[in-house]
Amino acid sequence: MPIDLIALLGTKDVLVGTIDVASDRVETPEDVAATIRAALEFVPAERLYPCTNCGMVPLSRDVARGKLRALAAGAALVRGELAG
């Protein structure tokens, strides 16, 4: 869905799928950070929660772990940018 639609959620907390579980490609932290930055144009940081776009059951453990590492690292990149 287009990312700008999250602006319609008003004051709600928003979970943004930064990891595609329909693919075995492991995102880079920069991929994750780019999605977070795009979402921050429409939702304040205090209400934004980066996550996967669905459950990770269909993925191999190695791929799932890689994706979760990318999620954590990408979020840390943006957190650092916001802090200063």
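Asp31 counts as partly exposed, because its relative accessibility is 29%, and partly exposed here is the band between buried (under 20% relative accessible area) and exposed (over 50%), worked out with a 1.4 Å probe on protein chains only. All of this comes from a predicted model, in which local features need pLDDT of at least 70, side-chain atom pairs count only at pLDDT 80 or more, and totals for chains, interfaces and linings use all residues. Residues are numbered from 1 along each chain as its sequence is written, and side-chain values use heavy atoms, with hydrogens and water left out.

**Salt bridges**

Asp31 has a charged partner: it forms a salt bridge with Arg25. The term stands for a side-chain nitrogen of Lys or Arg within 4 Å of a carboxyl oxygen of Asp or Glu. Side chains of opposite charge can pair when their charged atoms come close. Arg25 is partly exposed too, with a relative accessible area of 47%.

How many salt bridges does a search of the whole structure find? The count is 3, and here they are with their closest N and O atoms.

| Salt bridge | Closest N and O atoms |
|---|---|
| Asp31 and Arg25 | 3.2 Å |
| Lys67 and Glu27 | 3.0 Å |
| Glu81 and Arg37 | 2.6 Å |

**Lys67 and its surroundings**

Is Lys67 buried or exposed? Lys67 is buried, because its relative accessible area is 0%. Lys67 sits in helix α2, which covers residues 61-83. Helices (H or I, at least four residues) and strands (E, at least two) are DSSP runs, numbered from the N terminus.

The salt bridge partner of Lys67 is Glu27. This pair ties together distant parts of the chain, with Lys67 in helix α2 and Glu27 in the loop between β1 and α1, 40 residues apart. Lys67 and Glu27 are both buried.

What else does Lys67 touch? Leaving out residues up to four places away in sequence, Lys67 is in contact with Ile19, Asp20, Ser23, Asp24, Arg25, Val26, Glu27, Met56 and Leu59. Contact means heavy atoms within 4.5 Å. Arg25 is thus on the list of residues touched by Lys67, and Arg25 is also the residue bridged to Asp31.

**How α1 and α2 meet**

Helix α1 (residues 29-40) and α2 have axes that come within 7 Å and cross at roughly 50 degrees. Those axes are lines fitted to C-alpha atoms, for helices over the stretch in contact, and angles run from 0 to 180 degrees between N-to-C directions. The two helices are therefore oblique to each other; on this scale, angles under 35 degrees are roughly parallel, over 145 roughly antiparallel, 65 to 115 roughly perpendicular, and the rest oblique.

α1 passes α2 in a right-handed crossing, meaning that the near helix is turned clockwise from the far one by less than a right angle, while anticlockwise would make it left-handed. On the α1 side, the contact is made by Pro29, Glu30, Val32, Ala33, Ile36, Arg37 and Leu40. The α2 side brings Ala70, Leu71, Ala73, Gly74, Ala75, Leu77, Val78, Glu81 and Leu82.

By class, the contact of α1 with α2 has 12 nonpolar, 1 polar and 3 charged residues. For that tally, Ala, Val, Leu, Ile, Met, Phe, Trp, Tyr, Cys and Pro count as nonpolar, Asp, Glu, Lys and Arg as charged, and the others, Gly among them, as polar.

Glu81 and Arg37 belong to this contact and form a salt bridge with each other. That pair also links distant parts of the chain, Glu81 in helix α2 and Arg37 in helix α1, 44 residues apart. Glu81 is partly exposed, with a relative accessible area of 43%, and so is Arg37, at 35%.

**The loop and the segment before β1**

Back in the loop between β1 (14-19) and α1, you'll find Ala22. Ala22 is exposed, with a relative accessible area of 74%. Its C-alpha atom is separated by 8.7 Å from that of Met56, 34 residues apart along the chain. Thr28 belongs to the loop between β1 and α1 as well, and Thr28 is partly exposed at 32%. The C-alpha atoms of Thr28 and Pro58, 30 residues apart along the chain, are separated by 20 Å.

Thr11 lies in the segment before β1 and is exposed, with a relative accessible area of 73%. From Thr11 to Pro44, 33 residues apart along the chain, the C-alpha separation is 9.3 Å.
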